[in-house]
Amino acid sequence: MTARASAPGKAILFGEHSVVYGKPAIAVAVDKRANVTIREGNDDSIHVKIPELDVYGVIDIETGLISLENDILGQENPDTFDAGILKFIKSALFRTELGSSPDHGMDITVDLEIPIGAGLGSSAAITVATLAAAARYYHHDLSLETLALTAHQVELEVQGAASPLDTTVSTHGGFLYFTHESGGVKIKPALEMPLVVGYTSQPGNTGLLVQQVRKLCNDHPTIIKPIIGLMGNVTNHARESITHGEEERVGELMNINQGLLDALGVNTDELSRLIYHARSAGALGSKLTGAGGGGSMIAYCPGKTREVLEELQSIDNAFLVGMSRKGVTW
Ligand SMILES: Nc1ncnc2c1ncn2[C@@H]1O[C@H](COP(=O)(O)OP(=O)(O)O)[C@@H](O)[C@H]1O
Ligand SMILES: C[C@@](O)(CCOP(=O)(O)O)CC(=O)O
Ligand SMILES: [Mg+2]
């Protein structure tokens, strides 16, 4: 038996971090995906292979313990490596919503097109695709709604705190205005949305950054809560501007959102450099995307895509990102 599923990463245009505090957000599924294949295994363990990351993990079915076959990351970074992405895969495989849980060995391969820890939702895409592939493997029917909800539970369990934004976008695809009350509502942009992503070689860890913002908010509630409230206002203004085709205002609102994210302490030197260089090369707006603390920025650059891409590539990694209407496929 072989079961396959695939789910897209995402870019957050407006509202990362404030979405964890109940505010709205705008995000788009991107044309980079996590592709998961599950096959029956030859022994009693779950073997997970992620060739793009050089990660070869083993999950013990009885104890749930995760170990690394090649332990390269553990050796390089013994204090900080915590089996990272394998925790999401394990948590997904053992969810009761799947109707069954692993009772024999499996071989799981993740073909990952999304850079990890780059704010582009690799954790959500891998989680959604693993759940979908496992449901198929167990011949279990799972609605998209249950799939998105279950994937959010996985992110919550592994990350500690998480909004349902990434898992909603990865499940349903498209360009979404997300609220906690109504979930993802598709947006019809009245303008082209050419986006360039620039990513630093330093990965960010979403769980740690969300905790860091929580601490800042607890230490300075009368300052940080209004900033989070403002971020919600920026997102709502941006939705108007996107649907009315107001390019310059969209750019300005991205820059304002970036200033507020900086105030939350999730910006870095490297991100700032990419963000300001993108603006100098002609981007109307640029900001970090996802959790920050490293990872990626996006630049909104109608008519200037080539200039911005070349500028960012001269500093670090950069690529043009396209929207994916396709959410999870299985
Ligand atoms: N090279 C790596 N190999 C395995 N796991 C990794 C690696 N780099 C980061 N991780 C883990 O992958 C997860 C990435 O999820 P997250 O921090 O949400 O970033 P994103 O979803 O933006 O890619 C984290 O739990 C992190 O510990
Ligand atoms: C910072 C946050 O808003 C987005 C995190 O996205 P990513 O894992 O960095 O791709 C956290 C969340 O919404 O759960
Ligand atoms: Mg993530």
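Which residue of strand β11 does Tyr-199 stand opposite? In this predicted model, Tyr-199 faces Ser-296 in β11, and the surroundings of that pair are described further below, after an outline of the whole chain.

**Overall form**

The protein holds ten helices and twelve strands. A compact globule of 330 residues would have a radius of gyration near 20 Å, and the protein, with 19 Å, agrees with this. The C-alpha trace spans about 60 × 45 × 40 Å along its principal axes, and 50% of the 330 residues count as buried. Among the contacts with a separation of 6 or more, 72% are between residues 24 or more positions apart.

**Two domains and the core between them**

The domain assignment gives domain 1 (2-186) and domain 2 (195-321), with C-alpha centres that lie 24 Å apart. Across the boundary, 28 residues of domain 1 are in contact with 33 residues of domain 2, and on the side of domain 1 that touches domain 2 the elements giving two or more residues are β1 and β2.

The largest nonpolar core has 99 residues, and those with the most contacts inside it are Ala-11, Ala-27, Val-128, Ala-129, Ala-132 and Ala-299. Helix α3 (residues 122-137) supplies the largest share of this core, eleven residues. Because domain 1 and domain 2 both give residues to the core, it lies between them. In soluble globular proteins, nonpolar side chains tend to be buried together. Leaving aside residues up to four places away in sequence, Val-128 touches Ala-7, Leu-147, Ala-151, Thr-167, Ser-170, Thr-171 and Val-328.

**Strand pairing**

Strand β2 (residues 25-40) pairs with strand β1 (residues 2-14), with β7 and with β6, while strand β9 (residues 195-199) pairs with β11 and with β12. The table sets out these pairings.

| Strand | Partner strand | Sense | Bridges |
|---|---|---|---|
| β2 (residues 25-40) | β1 (residues 2-14) | antiparallel | eleven |
| β2 | β6 (residues 106-112) | antiparallel | seven |
| β2 | β7 (residues 175-179) | antiparallel | four |
| β9 | β11 (residues 296-300) | antiparallel | five |
| β9 | β12 (residues 317-321) | antiparallel | five |

Individual residues show how these strands are set against one another. Ile-26 in β2 is the bridge partner of Phe-14, and Ile-26 also stands opposite Tyr-177 in β7. Elsewhere, Arg-39 stands opposite Asp-107 in β6.

Strand β9 brings the text back to Tyr-199. Five of the five residues of β9 are buried, and the strand is mostly covered; Leu-195, Val-197 and Tyr-199 point one way from it, whereas Val-196 and Gly-198 point the other way. Besides standing opposite Ser-296 in β11, Tyr-199 has Asn-317 as its bridge partner in β12.

**An enclosed helix and an exposed lysine**

Helix α5 (residues 165-172) is largely enclosed by the rest of the structure, because eight of its eight residues are buried. The buried residues include Asp-166, Thr-168 and His-172, as well as Thr-167, Ser-170 and Thr-171, which are touched by Val-128. The elements against which the buried residues of α5 pack are β1, β2, α3, α4 (144-159), β7 and β8 (183-186). After α5 comes Gly-173, with a positive phi near 70°.

Lys-215, found in helix α6 (residues 206-219), offers a contrasting case. With 11 C-beta neighbours inside 10 Å, Lys-215 counts as exposed, because the cut-off for that class is 12 or fewer. Lys-215 and Gly-119 are 96 residues apart in sequence, and their C-alpha atoms are 21 Å apart in space.

**Annotated regions**

Two features come from UniProt, each from an unreviewed entry. The record places "domain: GHMP kinase N-terminal" at residues 93-174, a span that is 50% helix and 9% strand, with end C-alpha atoms 26 Å apart. It lists "domain: GHMP kinase C-terminal" at residues 239-313, where the chain is 59% helix and 13% strand and the end C-alpha atoms are 30 Å apart.

Methods: Residues are numbered from 1 along each chain as its sequence is written. Chains are lettered from A and ligands numbered from 1 in the order in which they are written. This is a predicted model: local features need pLDDT of at least 70, side-chain atom pairs count only at pLDDT 80 or more; totals for chains, interfaces and linings use all residues. Two strands pair if DSSP finds at least two bridges between them. A nonpolar core is a set of buried Ala, Val, Leu, Ile, Met, Phe, Trp, Tyr and Cys residues joined through C-beta atoms within 7 Å. A residue is buried if 20 or more other C-beta atoms lie within 10 Å of its own, exposed if 12 or fewer, and partly exposed in between; C-beta atoms are placed from the backbone. Domain bounds come from an automatic or database domain assignment. Two residues are in contact if their C-beta atoms, placed from the backbone, lie within 7 Å. The radius of gyration is taken over C-alpha atoms; the globule rule is 2.2 Å times the number of residues to the power 0.38. UniProt positions are given in the numbering used here, feature names are shortened, and annotations may be inferred rather than shown by experiment.
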